[in-house]
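Student: I would like a close look at one part of this model. Please choose the part and take me through its packing step by step.

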Amino acid sequence: MDVIRQLVQQANLASLLGLHLALSLFGAIASNPTYNIPIFFFGFWAYNYHESNSPLKTFTGILGLSIVLDLIWFYLHTGNPQGESGFGFALFFNYISFFVKPLSVYAGIIQLQERGDSFSAGNWSEAPGAFPSGGYQNVRDADSSEFA
């Protein structure tokens with residue numbers, strides 16, 4: 001595990017995102033998972049956004065989910081069902097990106113830890129549009145002598 005951590009720290013999240021984006025662009029020559037390129041562009045933005053850690057958490061979670069989606073996509077499309085030329089070339093780059101994704105998820109978690117946060121689902125008070133924790137105030141306390 002220490003070897004993987006050292007590898008991920010040497011190749012930081014920004015360089016892994018650049019690798020993923022290049023692999024996804026080469027993989028876009030033929031049928032490919034169309035969600036990868038937008039995810040990696042969002043990852044670049046989330047990595048460079050330092051006002052909050054929420055975008056980086058969102059990116060890391062979506063990237064982890066995309067691993068499952070890749071497995072489904074590979075199962076459905078590995079046999080080149082549409083008979084495209086260049087499909088094997090594109091599939092090769094998509095496989096490489098697939099195998100690097102767990103390292104990128106791990107790099108995202110390490111990046112969150114370096115920013116002083118953890119990768120957790122949080123609570124409902126952190127959801128967009130939600131009231132912050134303790135956001136409600138007692139307007140009237142029935143036992144209070146002020147309202148007697």
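Tutor: What follows starts with the whole chain, then turns to helix α3 and its surroundings.

Bear in mind that this is a predicted model. The protein has five helices and zero strands. From the N terminus, its elements run α-α-α-α-α. Of its 148 residues, 33% count as buried. Take the contacts between residues at least 6 apart in sequence: 71% of them join residues at least 24 apart.

Now to α3, which covers residues 36-48. Check its length first. Its 13 residues, at 1.5 Å a residue, should span 18 Å, and the end C-alpha atoms lie 19 Å apart, so expectation and model agree. Next, its buried residues. They are Asn-36, Ile-37, Ile-39, Phe-40, Gly-43, Ala-46 and Tyr-47. These buried residues pack against α2, α4 and α5.

Start with α2, residues 13-27. The axes of α2 and α3 come within 9 Å and cross at roughly 160 degrees. Angles over 145 count as roughly antiparallel. The pair α2 and α3 is therefore roughly antiparallel. Their crossing is left-handed. From the α2 side come Leu-13, Ala-14, Leu-17, Gly-18, His-20, Leu-21, Ser-24 and Leu-25. From the α3 side come Asn-36, Ile-37, Phe-40, Phe-41, Gly-43, Phe-44 and Tyr-47. Sorted by class, this contact has ten nonpolar, five polar and no charged residues.

Then α4, residues 54-77. Helices α3 and α4 pack with axes 9 Å apart, at an angle of about 160 degrees. They too are therefore roughly antiparallel. Here as well the crossing is left-handed. On α3 the contact uses Asn-36, Ile-39, Phe-40, Phe-42, Gly-43, Trp-45, Ala-46 and Tyr-47. On α4 it uses Pro-55, Leu-56, Thr-58, Phe-59, Ile-62, Leu-63, Ser-66 and Asp-70. The classes are eleven nonpolar, four polar and one charged.

Put the lists side by side. Asn-36, Phe-40, Gly-43 and Tyr-47 meet α2. Asn-36, Phe-40, Gly-43 and Tyr-47 also belong to the contact with α4. They are among the buried residues of α3 as well. The spacing has a simple background. An α-helix has 3.6 residues a turn, so residues three or four places apart point the same way.

Look at α4 in its own right. Its 24 residues should span 34 Å at 1.5 Å a residue, and its end C-alpha atoms are 33 Å apart, so this helix also agrees. Its buried residues include Pro-55, Leu-56, Phe-59, Leu-63, Ser-66 and Asp-70. Trp-73 and Phe-74 are buried too, as are Lys-57, Thr-60 and Ile-67. The cover over the buried residues of α4 includes α2, α3 and α5.

Next come the loops at either side of α3. Asn-32 sits in the loop between α2 and α3. With a relative accessible area of 16%, Asn-32 is buried. Beyond residues up to four places away in sequence, Asn-32 touches Ser-24, Gly-27, Trp-73 and Asn-94. Asn-53 is in the loop between α3 and α4. Asn-53 is buried as well, at 15% relative accessible area. Setting aside neighbours within four places in sequence, Asn-53 contacts Leu-112, Arg-115 and Asp-117.

That leaves α5, residues 87-114. Follow α2 across to it. Helices α2 and α5 pack at about 160 degrees, with axes 9 Å apart. So α2 and α5 are roughly antiparallel to each other. Their crossing is left-handed. Twelve nonpolar, eight polar and one charged residue make up the contact of α2 with α5.

Phe-26 gives a local view of this side. It lies in α2. Phe-26 is partly exposed, with a relative accessible area of 44%. Leaving out neighbours within four places in sequence, Phe-26 is in contact with Phe-89, Ala-90 and Phe-93. Phe-26 and Leu-91 are 65 residues apart in sequence, yet their C-alpha atoms are 9.4 Å apart in space.

To sum up α3: its buried residues pack against α2, α4 and α5. It is roughly antiparallel to α2 and to α4.

Technical notes
Residues numbered from 1 in each chain as written. Predicted model: local features only at pLDDT ≥ 70, side-chain atom pairs only at ≥ 80, totals over all residues. Heavy atoms only, no water. Axes fitted to C-alpha atoms, helices over the stretch in contact; angles between N-to-C directions. Helix = DSSP H or I, 4+ residues; strand = E, 2+ residues; numbered from the N terminus. Parallel < 35°, antiparallel > 145°, perpendicular 65-115°, else oblique. Left-handed = near helix turned anticlockwise from the far one by under 90°. Nonpolar A, V, L, I, M, F, W, Y, C, P; charged D, E, K, R; others polar. Expected span 1.5 Å × (residues − 1). Buried < 20%, exposed > 50% of the residue type's maximum accessible area, 1.4 Å probe, protein only. Contact = heavy atoms within 4.5 Å.
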